[in-house]
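Trainee: Please take one part of this model and go through it closely, from its overall layout down to single residues. I would like the terms explained as they come up.

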Amino acid sequence: MGDVNKLREEFVRECKGLSSLKQLNDLRIRYLGKKGLLTQRLKALSALSPAERPAAGKEINILKRYVEAEIKRLEGELSSLESRKKVATESIDITLPGKYIPAGSRHPVNRVLDEIVDIFLFMGFTVEEGPEVELDHYNFEALNIPRDHPARDMQDTFYVKTDGERQSSSSTGDGGDKREAETDVVLRTHTSPVQIRVMEKQKPPLRFIAPGKVYRCDSDVSHTPMFHQVEGLMVGEDITFSHVKSVLKLFVHSLFSVDTPVRFRPSYFPFTEPSAEIDIGCVLCKGAGCRVCKGTGWIEVLGAGMVHPKVFEGVGYDTEKYTGFAFGMGVERLTMLKYGIDDIRLFYENDLRFLRQF
Ligand code: DAH
């Protein structure tokens, strides 16, 4: 009996010295584990005589229930103590500034591109697309720009080597200089080939725009090797040059302001006849003359004209029945004018200080 009392005293003493859940767990194992002090004593009961066993068993079991209850109580006490300690040491400083998650913004060129598309959708145009890697046939030939045409020099073309050319140049040693309109592949130099691709598939009447990337081997303050154009085409039975004027004037007035002066100048494009270039009054100096408009007060923003009969013939349109007009514009240039940007290369340097302004 004395032994059980001593064990109880020892347990009580040990409990007083506890300061963590880990220590409490060690204590539990020491008393209640498989080889624990109480477990051993319960096992030892079998060695006693049947007369002694009930009283001794009762004593030990009372202590065991006490130990179990104490451990449970201490567990609650210590765990709340530990979490209070944790809160005290790991407190949150709510005055710290929050994490800055920068929000992206639309690229200025894409913003203006969207605006252009919206204006033409409003006028009943649809939106079409064509490939950026294009056949020479669509980029030039079908647009009445034959192989020896001087207009080809105006556009510094990137030619794409095809599988056939690669093979022939490696096996015969010639650089594949012999070019064929039917098979030659280029990066499109303008969006005009989309005119042909759409007309091959659709019968008149039609009116659509074709926005997209174009490529020219060129780079300076006003040229980048890749830039964006929006092409337009409208074909029907009674389309005249007055449609060109009204549609494009409405477009300029919508994109800039209704008081922006617009003028049409005679020009030349192989795929339109007659052709025109469209100038707007310089939006920066309001016509007074500045560096951007080279002192003229006018800036060229669009090319346009009545579709050349040869282009219609190529796609099988009846030139007696149908007429149409086409136009093309450079999106970077319009964006520069809208936002007063004087170097086109800024668009593609990915300088966040520039891009964050939009
Ligand atoms: N494709 C011409 C260029 O890249 C722009 C252009 C001019 C398109 C007149 C047209 C047009 O559709 O009628 O310079």
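Mentor: What follows is a close look at the mixed sheet, with the helices across it, some backbone details and then the ligand site.

Before the details, please keep in mind that this is a predicted model, in which local features need pLDDT of at least 70 and side-chain atom pairs count only at pLDDT 80 or more, while totals for chains, interfaces and linings use all residues. Residues are numbered from 1 along each chain as its sequence is written, and side-chain values use heavy atoms, with hydrogens and water left out.

The sheet is an open one of seven strands, and reading across it gives the order β1-β5-β6-β10-β9-β8-β7, with mixed pairing. Helices and strands here are DSSP runs numbered from the N terminus, a helix being H or I over at least four residues and a strand being E over at least two. Two strands count as paired if DSSP finds at least two bridges between them. At the edges of the sheet are β1 (126–127) and β7 (262–269), each of which pairs on one side only. Further in, β9 (residues 298–307) and β10 (residues 323–330) run antiparallel to each other and are paired over five bridges; within this pair, M306 has F325 of β10 as its bridge partner.

Two helices lie across this sheet. Helix α9 (residues 193–201) lies across β5 (206–215), β6 (226–236) and β10, and its direction makes about 40° with β6. Helix α10 (residues 241–255) lies across β7, β8 (272–281), β9 and β10, running at about 145° to β9. Contact in this setting means heavy atoms within 4.5 Å, and the angles, which run from 0 to 180 degrees, are taken between N-to-C directions, using axes that are lines fitted to C-alpha atoms, for helices over the stretch in contact.

The backbone also deserves attention at three places. Most residues other than glycine have a negative phi, and most peptide bonds are trans. In this model, however, the peptide bond from P204 to P205 is cis, with omega near 0°, and P205 belongs to the loop that leads from α9 to β5. A cis peptide bond also joins E273 to P274, where omega is about -5°, but here the proline, P274, sits within strand β8 itself. Along the loop between β8 and β9 you will find K286, whose phi is positive, at about 55°, although this residue is not a glycine.

Finally, turn to the ligand, which has 16 residues around it, of which H190, S192, R216, Q229 and E231 come nearest; a residue is counted as near if one of its heavy atoms lies within 4 Å. Three side chains can be described at the level of atom pairs, with a polar contact being a pair of N or O atoms within 3.5 Å. H190 places a polar side-chain atom 2.9 Å from a nitrogen atom of the ligand. R216 has a side-chain N or O atom 2.8 Å from an oxygen atom of the ligand, and E231 has a polar side-chain atom 2.6 Å from a ligand oxygen atom. As you move through the model, you could follow the sheet from β1 to β7 in the order given above, pausing at the cis bond before P205 and at the one before P274, and then return to H190, R216 and E231 beside the ligand.

Terms used: A polar contact is a pair of N or O atoms within 3.5 Å; within protein, one must be able to donate a hydrogen and the other to accept it, and residues adjacent in sequence count only if both atoms are side-chain atoms.
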